[in-house]
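I opened a new notebook page for this structure. Below are my entries, in the order I looked things up.

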Amino acid sequence: MSAASNCRLIGRWRIVEADLWDRDYLDLVEPATITIEANGHGEIAFGAMQAGLDLGYSTSMVSFTWAGCDEMDEVSGDGHAELLDDGTIEITFAYHNGDEAILTAKQETSSTAC
């Protein structure tokens, strides 16, 4: 994968759907989000899980490894996110030796007042 300069996934995305969990679980602690930064790092949070991401980039896709905590237990895994034709991203999110989920996210728009 190449540098982040041409990646269309840079930004903050709101996770709106998952194949394993309902919306109430996704937003259990805070609104479920994934943040993809241009510096090779990012963050994901849903349910009781929060993790940092180490990213690799292409124009319409990122791959990542992740590590964090879920209900105070250390967890890790890998995954990737791909930009779809409708402007959403599909995230394949896998726990090391555990569940694999498909998440859907929409890009958040800035609501900062001038």
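Which side chain does Arg23 meet in a salt bridge? I found Asp27, at 3.0 Å from N to O. For a salt bridge I require a side-chain nitrogen of Lys or Arg within 4 Å of a carboxyl oxygen of Asp or Glu.

**Ground rules.** I am working with a predicted model, where local features need pLDDT of at least 70, side-chain atom pairs count only at pLDDT 80 or more, and totals for chains, interfaces and linings use all residues. Residues are numbered from 1 along each chain as its sequence is written, and side-chain values use heavy atoms, with hydrogens and water left out. I take helices (H or I, at least four residues) and strands (E, at least two) as DSSP runs, numbered from the N terminus.

**Salt bridges.** I searched the whole structure and got three salt bridges. Asp27 turned up again: its side chain also meets that of Arg14, at 2.9 Å from N to O. Arg14 sits in strand 1 and Asp27 in the loop between helix 1 (23-26) and strand 2, so this pair ties together parts 13 residues apart in sequence. I therefore noted Arg14, Arg23 and Asp27 as one network of salt bridges.I looked up accessibility next. I call a residue buried under 20% relative accessible area, exposed over 50%, and partly exposed in between (1.4 Å probe, protein chains only). Arg14 has 17% relative accessibility, so I listed Arg14 as buried. Asp27, at 25%, counts as partly exposed. Arg23 is partly exposed too, with a relative accessible area of 38%.

The remaining entry here is Arg12 with Glu108. Their closest N and O atoms are 2.8 Å apart. Arg12 is in strand 1 and Glu108 in the segment after strand 8, and 96 residues separate them along the chain. Arg12 is partly exposed at 40%. Glu108 is partly exposed at 33%.

**A buried acid.** I turned to Asp70, in strand 5. Does Asp70 lie buried or exposed? Asp70 is buried, yet I found no salt bridge for it. The nearest side chain of opposite charge is Arg14, 16 Å away. For charge, Lys and Arg count as positive and Asp and Glu as negative; His and the chain ends are not counted.

What does the side chain of Asp70 make a polar contact with? I found the side chain of Tyr95, at 3.2 Å. A polar contact is a pair of N or O atoms within 3.5 Å; within protein, one must be able to donate a hydrogen and the other to accept it, and residues adjacent in sequence count only if both atoms are side-chain atoms. I also listed what Asp70 touches, meaning heavy atoms within 4.5 Å. The list is Tyr25, Ala48, Met49, Val75 and Tyr95, leaving out residues up to four places away in sequence.

**Rings.** How many aromatic pairs does the structure hold? I noted seven. Rings of Phe, Tyr and Trp (its six-membered ring) pair if their centres lie within 6.5 Å; planes under 30 degrees apart are stacked, over 60 edge-to-face, and the rest tilted. Trp66 and Phe93 have ring centres 4.6 Å apart and planes at 20°, so I marked this pair as stacked. The pair links distant parts of the chain, with Trp66 in strand 5 and Phe93 in strand 7, 27 residues apart. Phe93 also pairs with Tyr95, edge-to-face, at 5.6 Å centre to centre and 85° between the planes. Trp66 and Phe93 are both buried, and Tyr95 is buried as well. Ring pairs join Trp21, Tyr25, Phe46, Phe64, Trp66, Phe93 and Tyr95 into a cluster.

**Trp13.** I checked this residue of strand 1. Trp13 counts as buried because its relative accessibility is 1%. Its side chain reaches the backbone oxygen of Leu9 at 2.8 Å.

**The core.** In soluble globular proteins, nonpolar side chains tend to be buried together. I define a nonpolar core as a set of buried Ala, Val, Leu, Ile, Met, Phe, Trp, Tyr and Cys residues joined through side-chain atoms within 4.5 Å. The largest one here has 31 residues. Those with the most contacts inside it are Ile15, Ile44, Phe46, Ile89, Ile91, Phe93 and Leu103. Strand 4 gives the most to this core, five residues. I followed Ile15 outward: among the residues it touches are Leu26, Ile34, Ile44, Phe46, Ile91 and Leu103.
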